[in-house]
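Here is a short note for someone opening this structure for the first time. Two topics are covered: a pair of helices and the enclosed empty space.

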Amino acid sequence: MSDSPESFDDRKARASQWFSDLRDRIVAAFEGLEDSHAQGPLADQAPGRFEVTPTERKGPAGEDHGGGKMSVMRGGRVFEKVGVNISTVWGELAPRAQKAMAARGVPGMEQDPRFWASGISLVAHMQNPHCPAVHMNTRMFWTPQAWWFGGGADLNPCLEYDEDTAHFHAEMQCACDAHDPEYYARFKAWADEYFFIPHRGRARGVGGIFYDDLNTGDWEADFAFTRAVGAAFLPAYVPLIEKRRVQDWSEEDREAQLRHRGLYAEYNLVYDRGTKFGLETGHNADAVLMSLPPVAKWY
């Protein structure tokens, strides 16, 4: 479904503001976890804080093509490394990116390669191996010929707990069921397929939901669903960290964590669509590669 660019100005602003507001809520919640961590092996360390760096995207002649914020916390009591990035960028897609969009069914890219994109992307790598790593993103994409939403969240523990997986999936299902009773099964299966690592013959974690190219023809409904996915993230994830952060861990647990991080890095560098798109469109490379773990191992 295509609308004139003018009719989307307010919608773009609303979407961009939502992603920014969600970023603020998550940053505050994560710093709150750092402040309240009074038990466990790293409780005597100072609580971690996010470092915020503005990002810019420049056009061929140096003109402003948007940007965002890269918020990264390193070496906290709970989070070894976590990034919460937002961006709103625009411009013209390069020929290679145009072909990629055309292959996905976006019409008219060769005639008018303009685009606008906004979203939030989050990846957390934890100090305690019992605390699962996590990924979440939601986004909106617009061209003069099409628009869509995408995103999701998936849990990536190195030491799996069935009850944690069940809780995370239940929160994702609640977000889906409130909008379409078919969404959860559909988007869970999509996540299982999307986050599978072919060269390892396994998934990178225990899944969640993933969706892309969501355009039902009702922008308000699709935006409301995307907001629901973003809003479900903290209730899905924070209780798991509050429960697991106080557990002791062994050197064997740490080894399992570092090896799992290697798996995560392989996926993001080889297969992840967002990583490829960010680098293809000239976005800040540090922000694009924020998802990589601080330390990992391969054998």
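1. A term comes before the details. A crossing is left-handed if the near helix is turned anticlockwise from the far one by less than a right angle, and right-handed if clockwise. Keep in mind that this is a predicted model.

2. Start with helix H3, residues 162-177, and helix H4, residues 183-194. Their axes come within 8 Å. The crossing angle is roughly 130°, which means that H3 is oblique to H4. As for handedness, H3 passes H4 in a right-handed crossing.

3. Which residues meet where H3 touches H4? From H3 come His169, Met172, Gln173, Cys176 and Asp177. H4 answers with Tyr183, Tyr184, Phe187 and Lys188. By class, this contact holds five nonpolar, two polar and two charged residues.

4. Now the empty space. How many cavities of 30 Å³ or more does a search of the whole structure find? There are three. The largest cavity has a volume of about 80 Å³.

5. Next, the walls of that largest cavity. Its lining includes His125, Met126, Cys131, Pro132 and Ala133. Asn156, Pro157 and Cys158 also belong to the lining, as do Gln257, His260 and Arg261.

6. Two elements each give at least two residues to this lining: strand S4 (114-126) and helix H6 (251-270). H6 supplies the largest share, three residues.

7. The character of the lining of the largest cavity is mixed: six residues are nonpolar, four polar and one charged.

Note on methods. Residues are numbered from 1 along each chain as its sequence is written. This is a predicted model: local features need pLDDT of at least 70, side-chain atom pairs count only at pLDDT 80 or more; totals for chains, interfaces and linings use all residues. Side-chain values use heavy atoms; hydrogens and water are left out. Axes are lines fitted to C-alpha atoms, for helices over the stretch in contact, and angles run from 0 to 180 degrees between N-to-C directions. Helices (H or I, at least four residues) and strands (E, at least two) are DSSP runs, numbered from the N terminus. Angles under 35 degrees count as roughly parallel, over 145 as roughly antiparallel, 65 to 115 as roughly perpendicular and the rest as oblique. Contact means heavy atoms within 4.5 Å. Ala, Val, Leu, Ile, Met, Phe, Trp, Tyr, Cys and Pro count as nonpolar, Asp, Glu, Lys and Arg as charged, and the others, Gly among them, as polar. On a 1 Å grid over the protein atoms alone, a cavity is a set of points where a 1.4 Å probe fits but cannot get out, and a pocket is an open set with protein on both sides within 12 Å along at least five of seven lines; lining residues have an atom within 4 Å of a point. Grid points are joined across faces, edges and corners, and a volume is the space filled by probe spheres set on the points.
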